[in-house]
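Me: Please take one charged side chain in this model and go through it closely. Then work outwards to the rest of the structure, with reasons where there are any.

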Amino acid sequence: MSVTSTIPNELPSYSILMAVYARSNPHELQAAVDSLLAQTHPFSQMVLVLDGPVPDPVEEMISSFSATLGDRLTIVRLLENSGLGIALQKGLEACNHEYVLRADSDDLSRPERAERSLAFLLEHDLDLMSTDVDLFDQDPNAPVGQRVVPHGCEAVKAFAKRRSPVNHPSALFKKSSVLAVGGYEPFLLFEDYYLWIRLLQGGKRIDNLKLPLVQMRVNSATIYRRNGKVARQSRKKLIRYMKETKFNTVLDRTFMRMSHFVVTVLPASWRKKLYLLVWGGNSEWPSVRK
């Protein structure tokens with residue numbers, strides 16, 4: 001994949017927003033940060049949120065980042081694990097720039113991700129965008145699938161009525177637009193989808209770039225945990241919100257309930273197959289956080 005933009009110096013500065021917690025893998029974190037350091041349009045700030053205490057190996061890794069990045073690294077420490085929604089909101093408030101690039105601590109960003117994403121967002125006057133993502137289990141050079149999201153603002157709106165229309169690990173957005181609708185809020189496992197809905201309800205423009213600029217890690221464990229009791233309760237809460245705000249129709253909500261029910265009753269060995277073959281890597285499932 002070649003970089004076509006020739007004006008990286010004219011693109012605006014941006015912050016990277018990332019969170020780690022007790023179960024973050026230091027080796028995966030190192031690889032994620034290395035991929036961000038290799039961006040063709042370098043970041044001006046990385047905001048790293050520690051969502052509660054983290055193991056010594058992760059602390060040591062963060063110390064090495066601090067030595068490398070200096071003033072470009074902003075560390076936000078939460079005394080206890082508060083959940084991804086709260087962690088990202090605290091991190092967002094610490095971002096110094098209008099443009100914020102989301103990155104997960106176990107995914108890899110292709111070198112041209114920031115440059116291509118910023119150019120796309122500015123060209124189309126968007127409030128938020130994301131890209132397609134390649135899915136991998138252990139080896140990023142051996143993808144197991146791809147999560148393709150809808151392209152075109154109207155297609156995003158239609159898709160959002162039944163499924164998350166944005167790949168959160170590849171998102172780039174305007175800080176002011178996200179804060180205008182309340183920012184990230186505590187909504188276990190659905191912090192991102194809930195935010196996309198509120199952005200659309202607030203008249204914000206969302207689109208996706210048809211390029212896989214992020215390599216996203218998925219595995220059977222994360223898929224399995226997405227279907228526990230807490231996840232089901234949170235999903236019901238989201239569907240109830242959609243109903244109360246008239247975001248979608250009875251048919252849309254019936255589709256959501258039936259699809260999630262089918263996944264819940266399937267044997268664990270089949271869930272990953274369905275995830276890859278039918279859902280194509282719905283962003284509601286990976287990157288599970290407590």
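Reply:
**Close look**

R162 is partly exposed, at 28% relative accessibility. Buried would need under 20%, and exposed over 50%, so R162 falls in between. Keep in mind that this is a predicted model.

What does R162 form a salt bridge with? The partner is D252, with the closest N and O atoms 2.9 Å apart. Distant parts of the chain are linked here: R162 sits in the loop between α5 and β8, D252 sits in helix α10 (residues 250–265), and 90 residues separate them. D252 is buried, at a relative accessible area of 10%. The salt bridge therefore joins a partly exposed arginine to a buried aspartate.

R162 has a second partner. R162 also lies over the face of F255, 4.6 Å from the ring centre. Next door in sequence, K161 has its charged end over a ring too: that of F247, 5.1 Å from the centre.

Now step back along the chain to helix α5 (residues 153–159). Here E154 and K157 form a salt bridge, with 3.5 Å between the closest N and O atoms. The two are 3 residues apart in the helix, so about one helical turn separates them. Why does that spacing suit a pair? An α-helix has 3.6 residues a turn, so residues three or four places apart point the same way. E154 is exposed at 57% relative accessibility. K157 is partly exposed at 38%.

How many salt bridges are there in the whole structure? The search finds 7. One of them is R77 with E59, at 2.9 Å from N to O. R77 belongs to strand β3 (residues 73–78) and E59 to helix α2 (residues 56–69), so this pair ties together parts 18 residues apart in sequence. E59 is partly exposed, at 23%.

Go forward from R162 instead. The loop that holds R162 runs between α5 and β8 (172–174). Strand β8 pairs with β4, antiparallel, through 3 bridges. V100 has F173 of β8 as its bridge partner. Strand β4 (residues 99–102) also joins β1 (residues 14–20), by 4 bridges, and these two run parallel. Y14 stands opposite Y99 there.

Are the faces of β4 covered or open? Both are covered: Y99 and L101 are buried on one side, V100 and R102 on the other. In a regular strand the side chains alternate between the two faces of the sheet.

One element beside these strands is helix α4 (residues 113–123). Of its 11 residues, 8 are buried, so the rest of the structure largely encloses the helix. The buried residues include R113, E115 and R116, as well as L118, F120 and L121. Among the elements that cover them are β1, β4 and β8. After α4 comes D125, with a positive phi near 55 degrees.

Return to F173. The structure holds 3 aromatic pairs. F173 and Y184 make one of them, edge-to-face, 6.4 Å centre to centre with 65 degrees between the planes. This pair links strand β8 to the loop between α6 and α7, 11 residues apart. F173 and Y184 are both buried. Another edge-to-face pair is Y194 with Y241: 5.0 Å centre to centre, 85 degrees between the planes. That pair links helix α7 to helix α9, 47 residues apart. Y194 and Y241 are both buried. Ring pairs bring F187 into a cluster with Y194 and Y241.

Finally, the nonpolar interior. In soluble globular proteins, nonpolar side chains tend to be buried together. The largest nonpolar core here has 39 residues, and L17, V49, Y193 and L238 have the most contacts inside it. Elements giving two or more residues include β1, β3, α7 and α9. The largest share, 7 residues, is from α7. Beyond its neighbours within four places in sequence, L17 touches residues that include V47, V49, V100, L101 and Y184. A separate core has 34 residues, L36, F43, I62 and L121 among them.

Terms used:
Residues numbered from 1 in each chain as written. Predicted model: local features only at pLDDT ≥ 70, side-chain atom pairs only at ≥ 80, totals over all residues. Heavy atoms only, no water. Salt bridge = Lys/Arg side-chain N within 4 Å of Asp/Glu carboxyl O. Buried < 20%, exposed > 50% of the residue type's maximum accessible area, 1.4 Å probe, protein only. Pairing = 2+ DSSP bridges. Contact = heavy atoms within 4.5 Å. Phe/Tyr/Trp six-rings, centres within 6.5 Å; stacked < 30°, edge-to-face > 60°. Lys NZ or Arg CZ within 6 Å of the ring centre and 35° of its normal. Core = buried A, V, L, I, M, F, W, Y, C linked by side-chain atoms within 4.5 Å.
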